[in-house]
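Got a minute to go through a structure together? Let's put it up and trade questions.

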Amino acid sequence: MKDCTLSDDQKKRIQATLKRIREGLEKRQKPVFSEPAHSFAPEAYDDKNV
Amino acid sequence: MTKTYDSLAEQSRALAEGQTTAVALALAALEAAEHHKNLNAFVALDPNVVLEQAKASDIRRENNMVASPLDGLPIAVKDNYLTSDYPTTACSDARPSEPSGVDATVIANLRSAGAVIFGKTNMHEWAYGATNTTSCFGVTRNPHNLEHITGGSSGGSGAAVAAGIVRGALGSDTGGSVRIPSSACGIYGFKPTYGRASRYGVLPLSWSLDAPGPMAASLEDLELMLPFFLGHDAKDAATQSAKPFVSYDHEGPVRIRNLTGQGLERSEEVDHALAMAFNRMAIIRDDVVLENMPAYFAAWEAILHSEASAYHQELLEQNGAGYSPVTQAHLEAGRQLTGVEVLNAQTLRAEFTRHLLQELGDWDVLTLPTLPVPAPKHGDDWQEFGGVRVTTQDSMTWFCWPGNLAGLPCLTVPISVSTDGLPIGMMFMGRPGQDERLLAMVKTLEARGLKGM
């Protein structure tokens, strides 16, 4: 980043955040036919609105 | 002090019956803001701007041209909504580069309704935190106890309503930023379904999670404000299929699915408050354990940080020193996530949304506490509850992020008070697009004893 250098505390925060996210993402089930949502519309997942 | 009223609805009735004027309400609010200056709730407030709007409202009323039930009522605005008459800072020294002289769509709607845009409220820098302890204008203090935080990121709006300075305010919610301060300050807050309320002119934190929403002193007040949030806006593509607000009455029972499980722990005091509320209401209820919450939380966090990092990239390069160290770290973490990781997070989001709606099934609402603990003290960086130890920041979003990840309408209601005199709130989540039904059902529950104060 320009104008600022990351401190050791910031680097620790970044690593802790990334570790938490990556560990969480690894816990996902890996369905073959599941595609990420291109544009998010929660109603699309509601059977009652289909 | 000039006479004040307990709610927007009371203010509106008093105006309609000629018991007060918009100018009198504005003067009372200005007086209250001065009296409660120690809360640090406002970051911009110009009496001339306020009184000019109030005088115009009184003239409309004299000429039988009242625009709406909100005409003449002071409404405070979080400092991430663009407003033509106040600067918009996001409470950051890295000032937004958005144009001045522009109103967010919700602000424009409220002006058309005759509301008095009262002033800009303090917030967590860029809405990127849930405590309101990081702001270039200083911390916000909880009206119930100044030693405690308001929660955030719409903490100034929460404090302003809870202190009675105004009876309605605007917030924005990406992981609970309307609901968290509403609960911590003992007021009502509503996060609309994703895509039903225009985000235009509200500085984004994470555009696929963000929702602007009202904060107020009662459910009736939320109902008065919601019509000016909900509906299609050509300036926000996410609202393409958004329906306008339609008043809804609920009759019959409300069947509740109460969520528990790993990652949804709460303090004994909060758990007890919910149990008492369920007992008072004597409703049909089922407790259900949600699985795999750490993975879904990771998905929310990955989407949040990556979208925020993309939005801030240019400004961060131009003025990195203007951001607080914690915000810089969040943005850098978002920058380091890979495209594949973000897509995996989106897949998880789709799975979570399906999962949560399956749990809702034929039930009417999902419930959780709004916060796992009452408002923490300033300086308390860690919280312990239900056998877990987490940062105060994470504890504030503990129950709120699921509503954003799945895009559901969410409503927080004050239900009790802790032994320390701090408010405890309960959250209700409804079916997407059925915001009015959620509000109507919670009104029914309130009439049946939801609140224990």
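What follows is a short chat about a predicted model.

Trainee: Let's start with the sheet in chain B: in what order do the 11 strands come?
Mentor: The sheet is open and its pairing is mixed. From one strand to the next, the twist averages 30 degrees. Reading across, the order is β1-β3-β2-β6-β8-β7-β14-β15-β11-β9-β10.

Trainee: And which strands of chain B stand at the edges?
Mentor: Look for strands with a single partner, since one side of each is then left without a neighbour in the sheet. In chain B that describes β1 (42-44) and β10.

Trainee: How many of the 5 residues of β10 in chain B are buried?
Mentor: Being buried takes 20 or more other C-beta atoms within 10 Å. Strand β10 (residues 285-289) of chain B lies largely in the open, because the number of its residues that are buried is 0.

Trainee: Which residue of β10(B) is the bridge partner of B:Asn258?
Mentor: Strand β9 (residues 256-260) of chain B runs parallel to β10(B), with 5 bridges joining them. The chain gets from β9(B) to β10(B) through helix α8 (residues 268-281) of chain B, in a right-handed β-α-β crossover. In β10(B), the partner of B:Asn258 is B:Asp287.

Trainee: What about B:Gly189, which residue in β14(B) is its bridge partner?
Mentor: Here the strands run antiparallel: β7 (residues 188-191) and β14 (residues 410-417) of chain B, joined by 3 bridges. For B:Gly189, the partner in β14(B) is B:Thr412.

Trainee: At about what angle does helix α5 of chain B run to β6(B)?
Mentor: Helix α5 (residues 155-162) of chain B lies across β1, β2 (74-78), β3 (116-121), β6 (168-173) and β8 (211-216) of that chain. Relative to β6(B), helix α5 runs at about 155 degrees.

Trainee: Which helix gives the largest share of the largest nonpolar core?
Mentor: That core has 140 residues, and B:Ile75, B:Val116, B:Ala160 and B:Ala299 touch the most other members. The largest share is 12 residues, and it comes from helix α9 (residues 293-319) of chain B. As for B:Ile75, its contacts beyond four places away in sequence include B:Val116, B:Phe118 and B:Leu170. So, to name the helix, cited for its share: α9 of chain B.

Trainee: Last one: is B:Glu10 buried, exposed or partly exposed?
Mentor: B:Glu10 sits in helix α1 (residues 8-16) of chain B. Its C-alpha is 9.7 Å from that of B:Arg167, although the two are 157 residues apart in sequence. Because B:Glu10 has 18 C-beta neighbours inside 10 Å, it counts as partly exposed.

Note on methods: Residues numbered from 1 in each chain as written. Chains lettered and ligands numbered in written order. Predicted model: local features only at pLDDT ≥ 70, side-chain atom pairs only at ≥ 80, totals over all residues. Buried ≥ 20, exposed ≤ 12 C-beta atoms within 10 Å, placed from the backbone. Helix = DSSP H or I, 4+ residues; strand = E, 2+ residues; numbered from the N terminus. Pairing = 2+ DSSP bridges. Right-handed = clockwise from strand over helix to strand, strands pointing away. Core = buried A, V, L, I, M, F, W, Y, C linked by C-beta atoms within 7 Å. Contact = placed C-beta atoms within 7 Å. Axes fitted to C-alpha atoms, helices over the stretch in contact; angles between N-to-C directions.
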